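Dear colleague,

Please find the structure below, handed over for your consideration. My findings follow it.

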Amino acid sequence: MSWQDYVDHQLIRQGLAHAAFIGEDLAVWASSEGFNLSEAERRAMFDAFGNPDHVYESGLYLTGRHFHPVAADDRIIKVTQGRNGAMLVRMKSFIIVGEYGDLAPAQGQHFINKVADQLTASGY
């Protein structure tokens, strides 16, 4: 399965509004249509996993929109923006980011965690 297949079939098809896989080199490996994360936003994601406490001070920006922290550690970051939210999962060499849109946060997190767990079991 390609990275784009994970985005399209395992995340977007399940109801997430947006999703992407971001490599350590800041390249977008796969992304849902219209989820255009700037290089600065992608860099901030990786920096956030290196210093999760900083997320609590400044939040994160996704496609120019400011999200407030809910939880952050060196593996998972959860942020919210009103009724919308997003979760980022740090893998060995990339980040999975998913924005919930109309899904309940627990439901969106379930789908993102499921993909992360599948990839972890496969050595990613």
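The notes below concern a glutamate, the nonpolar cores and two loop residues.

This is a predicted model, in which local features need pLDDT of at least 70, side-chain atom pairs count only at pLDDT 80 or more, and totals for chains, interfaces and linings use all residues. Residues are numbered from 1 along each chain as its sequence is written, and side-chain values use heavy atoms, with hydrogens and water left out.

E41 belongs to helix 2 (residues 39-50); helices are DSSP runs of H or I with at least four residues, strands are runs of E with at least two, and both are numbered from the N terminus. E41 is buried without a salt bridge, and R42, the nearest side chain of opposite charge, is 7.1 Å away. Buried means under 20% relative accessible area, exposed over 50%, and partly exposed in between (1.4 Å probe, protein chains only). A salt bridge requires a side-chain nitrogen of Lys or Arg within 4 Å of a carboxyl oxygen of Asp or Glu. A polar atom of the E41 side chain lies 2.6 Å from the backbone nitrogen of G64.

The largest nonpolar core (buried Ala, Val, Leu, Ile, Met, Phe, Trp, Tyr and Cys residues joined through side-chain atoms within 4.5 Å) has 20 residues, and L62 is among those touching the most other members. Helix 2 gives the most to this core, with four residues.

T63, in the loop between strand 3 and strand 4, has a positive phi of about 50 degrees although it is not a glycine. T63 counts as partly exposed because its relative accessibility is 25%.

Yours sincerely

Note on methods:
Lys and Arg count as positive and Asp and Glu as negative; His and the chain ends are not counted. A polar contact is a pair of N or O atoms within 3.5 Å; within protein, one must be able to donate a hydrogen and the other to accept it, and residues adjacent in sequence count only if both atoms are side-chain atoms.
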